[in-house]
Amino acid sequence: MPELLCGDDPEPSDRSPAGPLFVPVRPGPAGCAARLFRTPLGERTAVGFTSARALAATLGPDQPWIRLAEPALRALTAPLGVTTVTVDPTLSAPAPMPVRPLAPVAVSPRIARTA
């Protein structure tokens with residue numbers, strides 16, 4: 001059976017390194033920590049982007065990041081039980097919008113008496 005080339009294989013069995021990635025981080029007590037996300041099925045995943053522009057387009061221009069090679073990101077998150085690295089995710093939930101306080105609901109005296 002001929003061996004499939006990587007371009008012919010829809011799901012290559014060998015994980016090839018993605019190269020240096022722009023990894024979103026958050027400040028922590030000991031410095032920066034890689035942000036972890038969830039896949040649509042709820043599995044925890046580390047995320048890396050191939051460009052700062054792609055990171056800013058997905059997570060916003062104020063998202064801090066560091067450069068890490070893909071194997072280093074895997075090694076960093078493996079002790080946390082995170083075995084998946086998602087590169088250049090394209091879909092993300094929109095940033096939460098500020099919630100305006102709701103106006104108090106006035107109770108009609110007629111409704112209050114029947115209750």
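**Asp88 and the three-stranded sheet**

Colleague: Leaving aside its neighbours within four places in sequence, with which residues is Asp88 in contact?
Modeller: Contact here means heavy atoms within 4.5 Å. With the neighbours within four places in sequence set aside, the residues that Asp88 touches are Gly48, Phe49, Thr50 and Ala54.

Colleague: At which pLDDT do side-chain atom pairs count in this predicted model?
Modeller: Residues are numbered from 1 along each chain as its sequence is written, and side-chain values use heavy atoms, with hydrogens and water left out. The model is predicted, so that totals for chains, interfaces and linings use all residues, whereas local features need pLDDT of at least 70 and side-chain atom pairs count only at pLDDT 80 or more.

Colleague: Is Asp88 buried, exposed or partly exposed?
Modeller: Asp88 lies in the loop between strand 6 and helix 3 (109–114), where helices (H or I, at least four residues) and strands (E, at least two) are DSSP runs numbered from the N terminus. The side chain of Asp88 shares a polar contact of 2.6 Å with that of Thr50, the term meaning a pair of N or O atoms within 3.5 Å, of which, within protein, one must be able to donate a hydrogen and the other to accept it, residues adjacent in sequence counting only if both atoms are side-chain atoms. Buried is under 20% relative accessible area, exposed is over 50% and partly exposed is in between (1.4 Å probe, protein chains only). Asp88 has a relative accessibility of 27% and therefore counts as partly exposed.

Colleague: In which order do the 3 strands of the open sheet stand?
Modeller: Strands pair if DSSP finds at least two bridges between them. Strand 3 (residues 36–38) pairs with strand 4 in the antiparallel sense over 3 bridges, while strand 4 and strand 6 (residues 85–87) run parallel and are joined by 3 bridges. The pairing in the open sheet is thus mixed, and the order is 3-4-6.

Colleague: Which strands stand at the edges of the sheet?
Modeller: An edge strand here has a single partner strand, so one side of it is left without a neighbour in the sheet, and this applies to strand 3 and strand 6.
The strand between them is largely enclosed by the rest of the structure, because 4 of the 5 residues of strand 4 (residues 44–48) are buried. The edges are strand 3 and strand 6.

Colleague: With which side chain does the side chain of Thr45 make a polar contact?
Modeller: Thr45 is in strand 4, stands opposite Phe37, and is buried, with a relative accessible area of 3%. Its contacts beyond four places in sequence include Leu36, Val82 and Thr86. The polar contact, at 2.9 Å, is with the side chain of Thr86.

Colleague: Within what arc do the buried residues of helix 2 fall?
Modeller: The buried residues of helix 2 are Glu70, Leu73 and Thr77. They line one face of the helix, because, seen down the axis of helix 2, they fall within an arc, taken over the directions from the helix axis to the C-beta atoms, of 60°.

Colleague: How many residues make up the largest nonpolar core?
Modeller: A nonpolar core is a set of buried Ala, Val, Leu, Ile, Met, Phe, Trp, Tyr and Cys residues joined through side-chain atoms within 4.5 Å. Among the members of the largest one are Ala46, Leu68, Leu73 and Val85, and the contacts of Leu68 include Leu21, Val23 and Leu73. The residues in this core number 8.
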